[in-house]
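Here is a walk through one protein chain, taken at an easy pace. Keep the picture open and follow along.

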Amino acid sequence: QVQLVESGGGLVQPGGSLRLSCAASGRFFSITDMGWYRQAPGAQREFVASITSGGSTNSADSVKGRFTISRDNVKKTVYLQMNSLKPEDTAVYYCNSIPRAGYWGQGTQVTVSS
C-alpha cells in the first residue's frame, strides 16, 4: 500500500509564496527519485520539478529560479517551495515517483490571483 498525500496549497496573491508538502509512503522512498507535477484547468498535467534520491534537482523552465524542490527521507516527504508566484502557476499540484507510480494522489490546489 503506497500513498501520496499533497498539502499546503491555497490562495495567494501574485508575487507571494507557498510551500507544498508531499507525504509519500513506501519502504524504498529514500532510493526513489521524486517529482512535482501540475495540471491547470483545460490543460495536460505537466512536469514542474524533480529531485533524485541523491538530492540532485531539476525544474521546468517556467518555474526555474522561483520554485525549489527538496526532500526529507526520514519524514518521507517532498517539498516544493514556491516564490514569486504568478497567475499562470494556478493549478492542482501533484507529487509522484520517477518513474511514476500507476496512480496519483488527490493533489493540492494552488490559486494565484489578485
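Let's start at a spot you might otherwise skip: K76, which is found in the loop between β7 (67-72) and β8. Keep in mind that what you're looking at is a predicted model. The backbone at K76 does something worth a glance, as its phi is near 55 degrees, a positive value in a residue other than glycine. Is K76 buried or exposed, or something in between? With a relative accessibility of 31%, K76 counts as partly exposed.

Slide along to the loop between β8 and β9, and you'll find S84. S84 also has a positive phi despite not being glycine, this time near 50 degrees. Its relative accessibility is 41%, so S84 counts as partly exposed.

That loop between β8 (77-82) and β9 has another residue to visit, T90. A polar atom of the T90 side chain lies 2.9 Å from the backbone oxygen of P87. Leaving aside residues up to four places away in sequence, T90 touches A40, Q109, V110, T111 and V112.

There's one more backbone oddity to see, and for that we move to the loop between β9 and β10, where P99 has its place. The peptide bond that joins I98 and P99 is cis, with omega at about 0 degrees.

Now zoom out. What does the secondary structure of the chain come to? The tally is zero helices and 10 strands, and reading along the sequence gives you β-β-β-β-β-β-β-β-β-β. The radius of gyration is 13 Å, close to the 13 Å that the globule rule gives for 114 residues, so the chain is as compact as a globular protein of that length. If you'd like a feel for the dimensions, the C-alpha trace spans about 40 × 25 × 20 Å along its principal axes. Of the 114 residues, 40% count as buried. And if you take the contacts with a separation of 6 or more, 54% of them come from residues 24 or more positions apart.

One such link across the sequence is a covalent one. The structure holds one disulfide, and it joins C22 to C95, with 1.7 Å from S to S. The two partners sit in distant parts of the chain: C22 is in strand β3 (residues 18-24) and C95 in strand β9 (residues 91-98), 73 residues apart. Why is this disulfide called right-handed? The torsion about the S-S bond of C22 and C95 is about 55 degrees, so the disulfide gets that label. As for surroundings, C22 has 0% relative accessibility and therefore counts as buried. C95 is buried as well, with a relative accessible area of 0%.

Next, look for the rings. The structure holds three aromatic pairs. One of them is formed by Y37 and F47, an edge-to-face pair with 6.1 Å from centre to centre and 75 degrees between the planes. This pair links distant parts of the chain, since Y37 is in strand β4 (residues 33-39) and F47 in strand β5 (residues 46-51), 10 residues apart. Y37 has 9% relative accessibility, so it counts as buried, while F47, at 30%, counts as partly exposed.

Y37 has a second ring partner, W104: their centres are 5.3 Å apart and their planes at 85 degrees, so this pair is edge-to-face. Here, too, distant parts of the chain are linked, with Y37 in strand β4 and W104 in the loop between β9 and β10 (108-112), 67 residues apart. W104 counts as partly exposed because its relative accessibility is 29%. Put the ring pairs together and you get a cluster of Y37, F47, Y94 and W104.

Charged side chains visit rings in this model as well. R45 lies over the face of W104, at 3.9 Å from the ring centre. Elsewhere, the charged end of R71 sits over the ring of F29, 4.6 Å from its centre.

Let's finish at S59, in strand β6 (residues 57-59). S59 counts as buried because its relative accessibility is 13%. Which residues does S59 touch, not counting those up to four places away in sequence? They are F47, V48, A49 and K64. You've already met F47: it's a member of the ring cluster with Y37, Y94 and W104.

Terms used
Residues numbered from 1 in each chain as written. Predicted model: local features only at pLDDT ≥ 70, side-chain atom pairs only at ≥ 80, totals over all residues. Heavy atoms only, no water. Disulfide = S-S within 2.5 Å. Helix = DSSP H or I, 4+ residues; strand = E, 2+ residues; numbered from the N terminus. Buried < 20%, exposed > 50% of the residue type's maximum accessible area, 1.4 Å probe, protein only. Phe/Tyr/Trp six-rings, centres within 6.5 Å; stacked < 30°, edge-to-face > 60°. Lys NZ or Arg CZ within 6 Å of the ring centre and 35° of its normal. Polar contact = N/O pair within 3.5 Å; in protein donor to acceptor, adjacent residues only side chain to side chain. Contact = heavy atoms within 4.5 Å. Rg over C-alpha atoms; globule rule 2.2 N^0.38 Å.
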